[in-house]
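Biologist: I've just opened this one and I'm not sure how to read it. Could you walk me through it?

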Amino acid sequence: MGSGPSFPIVPMTRDKIILITGANSGLGYEIAKWSAIMGATVILACRSESKTKEAIAKMNQEFQAEKSKETSRLSENTTLALEFMHLDLASFESVTNFCEAFKKSGRKLHVLFCNAGMAFIPFQKTADGMEMLLQVNYLSHFVMIAKLLGVMQQSGPDCRILLMSSIMHKRGTFDLKTINYSGPPNDFSSMNYYGRSKLYQIMQAAAMGRRISGSNVTINSIHPGVVDTQFYRDWDTGIRKCLLCCMQFSGMARSSFQGAKCSIDLTVNPKHAGMNGLYWVDCKIVTPSSVARNKQKQEELWETTIGFIRPYLKEEELKRINGEIK
């Protein structure tokens, strides 16, 4: 499966339910495809139905190509169990509707992979009044986790929540007074606020990991490396474009498949059962920045976050996310 860290082929049945946000391209595409190739049912939570259906068709074509190889223990199914569900992370209403629809389906949920995200964009506010990167990368996923945690707690042993973070968390400053940017648009630093959103995810994994410790659910965060995907679609001018070109030509930028290996491993590999509140790089546990590890700051962030999303959560969901119900 190429150089670098890899993952095992773990046979799964279709009653294994894996939900991945932003699964129609890039890293999410590879995580979804390989999870389904191993036999699981995968829900692709995305904004565009047409793009997601095109991705599903392509995954099935690639599945047939893989089956024709000598790769062992692939799914016996003739097609992959892949399903689209509409989700717009820039809208708390969309997130709420998505979660209610999933719960009404009566399905279990074994893996929730919060993969979708935005990066280096100009300053934007969502309809909910939140800075775009804060809501899409962090707050909306937090709401999803809170709303679906109850389903996961009733889905049997070894359920996993995974957050796609980044080494760029080291470039994000921790200042809760400016967490929801409201300054002049031209002064907005997309790199800093992207880094902040990735920092929050690592801190969330640690803080929530403490709260749900001892339950059947774990939560971890991941840095996939520098990956050459559409994620960098806004790096189209100036020094950032030059930097991306250098990474592509030097081989520093990984393919989506290479970047997704650690994520696929943490999604399917039984040996990671019980691993909780950790930060992973190349299938290894790595120490994040000192700010990310600061428990007091983790708790301050937690309380600030709950303040933002409380209006969208039921009392039981708040109790579950705080570890009062397991």
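Modeller: Sure. Keep in mind that this is a predicted model. A good way in is to look at how contacts spread along the sequence: among contacts in the chain with a separation of 6 or more, 78% are between residues 24 or more positions apart.

Biologist: What about the helices and strands, how many are there?

Modeller: The chain has 10 helices and eight strands.

Biologist: And how much of the chain is buried?

Modeller: Of its 326 residues, 55% count as buried. As for the accessible surface, that is about 13900 Å², with 51% of it belonging to carbon and sulfur atoms.

Biologist: How do I read aromatic pairs?

Modeller: Look at the distance between ring centres and the angle between the planes. There are 13 aromatic pairs here. Take Phe 7 and Phe 257: their ring centres are 6.1 Å apart and their planes are at 75°, and because planes over 60 degrees apart count that way, the pair is edge-to-face.

Biologist: Which parts of the chain does that pair tie together?

Modeller: Phe 7 is in the segment before β1 (17-21), while Phe 257 belongs to helix α7 (residues 256-268), so the pair links parts 250 residues apart in sequence. Phe 7 has 6% relative accessibility, so this residue counts as buried.

Biologist: Which residues form an aromatic cluster?

Modeller: Phe 123, Tyr 181, Phe 188 and Tyr 193 make up one.

Biologist: Where does the charged end of Arg 211 sit?

Modeller: Over the ring of Trp 302, 4.1 Å from its centre. Then there's Lys 58, which lies over the face of Tyr 29 at 5.6 Å from the ring centre.

Methods:
Residues are numbered from 1 along each chain as its sequence is written. This is a predicted model: local features need pLDDT of at least 70, side-chain atom pairs count only at pLDDT 80 or more; totals for chains, interfaces and linings use all residues. Side-chain values use heavy atoms; hydrogens and water are left out. Helices (H or I, at least four residues) and strands (E, at least two) are DSSP runs, numbered from the N terminus. Buried means under 20% relative accessible area, exposed over 50%, partly exposed in between (1.4 Å probe, protein chains only). Contact means heavy atoms within 4.5 Å. Accessible areas come from the Shrake-Rupley method with a 1.4 Å probe; for residues, only the protein chains shown count as cover. Rings of Phe, Tyr and Trp (its six-membered ring) pair if their centres lie within 6.5 Å; planes under 30 degrees apart count as stacked, over 60 as edge-to-face and the rest as tilted. A charge sits over a ring if NZ of Lys or CZ of Arg is within 6 Å of the ring centre and within 35 degrees of the ring normal.
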